[in-house]
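The exercises below are meant to be worked through with the sequence and the three-dimensional view side by side. Please try each task before reading its solution.

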Amino acid sequence: MSDATCRRPLRISLPKGRLADDVARHLRDGGLEVPDFSTSRQLTLRTADGTQEYIQSKPTDVPTFVVHGGADIGFSGLDTLREEGVDVLEPFTLPIGICRISLAGPRAWRHVDLHLKDHLRVATKYTRIASDWFVSQGINAEVIKLNGSVELAPLTGLSDLIVDLVETGRTLQANGLVELQHVLDSRVVVIVNRSASRLRENEVNRFLACVRPGPPGA
Ligand code: PRP
């Protein structure tokens, strides 16, 4: 990391979308000043004292910014982090963004032994998580990549099943699908660039102290 990089403010990567409000609220509850991205088209916003700079990106890009040093600290869903497979520090998780990754499909599949299927087709945004899980279970599956509206796949015959994020379960229910197997529990993870954790140790630790959830009931 160059001197110029070291002189810049501590940079924090926030996800857009479903986690954005909960993460910002958690940081503000910890006493941090988090700029409001909803009132600006700017993608980088600094705190009033200029010591911290927040950036906002697609959730899947947060681990990328952090692992390559574009940001020092980030907030990512565990699902996204495992899917991206990056090498960052994961000091602790937060009790927000709680959801799960599940194998799901039409109700009739509840009675099917997946180990006996020789050509199972599974659509997902999470190709790495799904492929690893099928290998771990000894199930043969062709994993088909989609970028969204994954529930459409079994409805249209594109796939037999899906591996997807489930939060309330309403999307599955609305599309006549059920959870078949639990794959991964997810919640927000605080991630830190390995070099930043050494070169900016004091700043990183001061920031993390505000973010770390207290003991239950504190
Ligand atoms: C996610 C996920 C499910 C839905 C689950 O999609 O892929 O479709 O949310 O949430 P629920 O259990 O609360 O219904 P998202 O809204 O991110 O949009 P996408 O389909 O475009 O990926």
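**Exercise 1.** Of the 218 residues of the protein, what percentage count as buried?

*Solution.* Start with the basis of the values: this is a predicted model, in which local features need pLDDT of at least 70 and side-chain atom pairs count only at pLDDT 80 or more, while totals for chains, interfaces and linings use all residues. Residues are numbered from 1 along each chain as its sequence is written, and side-chain values use heavy atoms, with hydrogens and water left out. Next, apply the cut-offs, by which buried means under 20% relative accessible area, exposed over 50%, and partly exposed in between (1.4 Å probe, protein chains only). On that basis, 44% of the 218 residues count as buried.

**Exercise 2.** Which residues are closest to the ligand, and which element gives the most to the shell around the ligand?

*Solution.* First collect the shell, for which a residue must have a heavy atom within 4 Å of the ligand; 13 residues surround the ligand, and the closest are R18, K125, E151, T168 and T171. Then assign elements, taken as DSSP runs numbered from the N terminus (helices H or I, at least four residues; strands E, at least two). Both β8 (161-166) and α7 (170-174) supply at least two residues of the shell, and β8 gives the most, with three residues.

**Exercise 3.** Which residues have an N or O atom in the side chain 2.6 Å from an oxygen atom of the ligand?

*Solution.* Look for polar contacts, that is, pairs of N or O atoms within 3.5 Å; within protein, one must be able to donate a hydrogen and the other to accept it, and residues adjacent in sequence count only if both atoms are side-chain atoms. The side chain of R18 places an N or O atom 2.6 Å from a ligand oxygen, and the side chain of E151 does so at 2.6 Å. At the backbone, a polar atom of E167 is 2.8 Å from an oxygen atom of the ligand.

**Exercise 4.** Is S102 buried or exposed, and is S149 buried or exposed?

*Solution.* Take S102 first, which is found in strand β5 (residues 89-106); S102 counts as buried because its relative accessibility is 0%. Its side chain is joined to that of E179 by a polar contact of 2.6 Å. Turn then to S149, in the loop between β7 (141-145) and α6 (152-156), which counts as exposed because its relative accessibility is 52%. Finally, check the backbone: phi of S149 is near 45 degrees, a positive value in a residue other than glycine.
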